[in-house]
Amino acid sequence: MDKDITKLLTAKSEQIKKLQEIVKKAIEEETLITNNLLNPPKEILTRGQTISDKVAKFGGSWAFIISFFIILVVWVLFNTLTPVKDNFDPYPFILMNLILSCIAALQAPVIMMSQNRQEEKDRKRAENDYLINLKAELEVKALNQKIELLIQEQIQTLFESQAAQLEILKKLEHKL
């Protein structure tokens with residue numbers, strides 16, 4: 001009987017060792033992903049990038065639209081209502097068209113620079129999301145392996161304990 005109990009206990013310790021190996025393997029596989037997610041590269045902005053972000057932020061706001069509309073209305077009203085000698089840009093408003101064209105020509109590339117940087121940030125976020133999903137997949141896979149191992153070990157232990165019980169019953173039957 002002591003041999004049977006020892007056999008059952010060693011089976012349990014082997015099961016624990018196998019589980020520890022699976023956990024160790026899963027941890028080793030996940031450390032690279034975890035390190036990458038915990039230590040993202042720091043973003044260092046140049047002065048031009050900072051300015052392009054601010055211009056894009058202001059250029060795409062209602063404050064810009066409303067203030068620009070007010071400036072245009074004031075420009076047109078001033079140059080149409082004041083005496084001709086005080087007008088600095090008479091009716092066809094050629095100077096205003098030139099200024100609007102220059103603003104559009106300068107603002108578009110600056111906004112595109114900011115959008116390119118934002119696109120790069122989005123790409124890095126997508127990579128991190130992929131790594132998180134991969135990490136979750138590895139964890140699920142490790143859990144499935146653990147569950148399968150536990151089920152196999154439990155079935156084997158049940159069979160062994162039933163066999164041991166049958167042997168004990170046979171010994172008892174022979175003694176009686």
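**Exercise 1. A residue in its surroundings**

Decide from its relative accessible area whether W75 is buried or exposed.

*Solution.* Begin with the cut-offs: a residue is called buried under 20% relative accessible area, exposed over 50%, and partly exposed in between, with a 1.4 Å probe and protein chains only. Next, take the value for W75, which is 16%, so W75 is buried. Before going on, note that the model is predicted, that local features need pLDDT of at least 70 and side-chain atom pairs pLDDT 80 or more, while totals for chains, interfaces and linings use all residues. Residues are numbered from 1 along each chain as its sequence is written, and side-chain values use heavy atoms, with hydrogens and water left out.

**Exercise 2. The sides of helix α3**

Compare the expected span of α3 with the distance between its end C-alpha atoms, and then find which residues of α3 are buried.

*Solution.* Helices are DSSP runs of H or I with at least four residues, strands are runs of E with at least two, and both are numbered from the N terminus. The expected span of a helix is 1.5 Å times one less than its number of residues. For the 20 residues of α3 this rule gives 28 Å, and the end C-alpha atoms are 28 Å apart, so the two values agree.

Now look around the axis, where F64, W75 and N79 are the buried residues to consider. These residues cover an arc of only 15 degrees, which means that they sit on the same side of α3; the arc is that of the directions from the helix axis to the C-beta atoms. On the other side of the helix, W62, F69 and L81 are exposed. Finally, the cover over the buried residues of α3 includes α2 and α4.

**Exercise 3. Two aromatic pairs**

Work out how the rings of F64 and F68 are arranged, and do the same for the rings of W75 and F88.

*Solution.* A pair of aromatic rings is described by the distance of the centres and the angle of the planes. Rings of Phe, Tyr and Trp (its six-membered ring) pair if their centres lie within 6.5 Å, and planes under 30 degrees apart count as stacked, over 60 as edge-to-face and the rest as tilted. The rule yields five aromatic pairs. One of them joins F64 and F68, with 5.4 Å centre to centre and 20 degrees between the planes, and is stacked. The two residues are four apart in helix α3 (residues 62–81), and are therefore separated by about one helical turn. F64 is buried at 16%, whereas F68 has 21% relative accessibility and counts as partly exposed.

For W75 and F88 the ring centres are 5.0 Å apart and the planes stand at 75 degrees, so this pair is edge-to-face. W75 belongs to helix α3 and F88 to the loop between α3 and α4 (94–175), so the pair ties together parts that are 13 residues apart in sequence. F88, at 47% relative accessibility, is partly exposed. As a last step, F58, F64 and F68 can be grouped into one aromatic cluster.

**Exercise 4. Salt bridges in helix α4**

Find which residues are linked with R123 in a network of salt bridges.

*Solution.* Side chains of opposite charge can pair when their charged atoms come close. A salt bridge here is a side-chain nitrogen of Lys or Arg within 4 Å of a carboxyl oxygen of Asp or Glu, and the whole structure holds four of them. Take R123 and E120 to begin with: their closest N and O atoms are 2.4 Å apart, and the residues are three apart in helix α4, about one helical turn. R123 also meets E127 in a salt bridge, at 2.3 Å from N to O, and here the separation in α4 is four residues, again about one helical turn. Joining these steps, E120, R123 and E127 are linked in a network. R123 is partly exposed at 38%, as are E120 at 34% and E127 at 42%.

**Exercise 5. A serine in helix α2**

Find which residues S52 contacts, leaving aside its neighbours within four places in sequence.

*Solution.* First locate S52, which lies in helix α2 (residues 47–59) and is buried, with a relative accessible area of 2%. Contact means heavy atoms within 4.5 Å, and with those neighbours set aside, S52 touches V110, M113 and S114.
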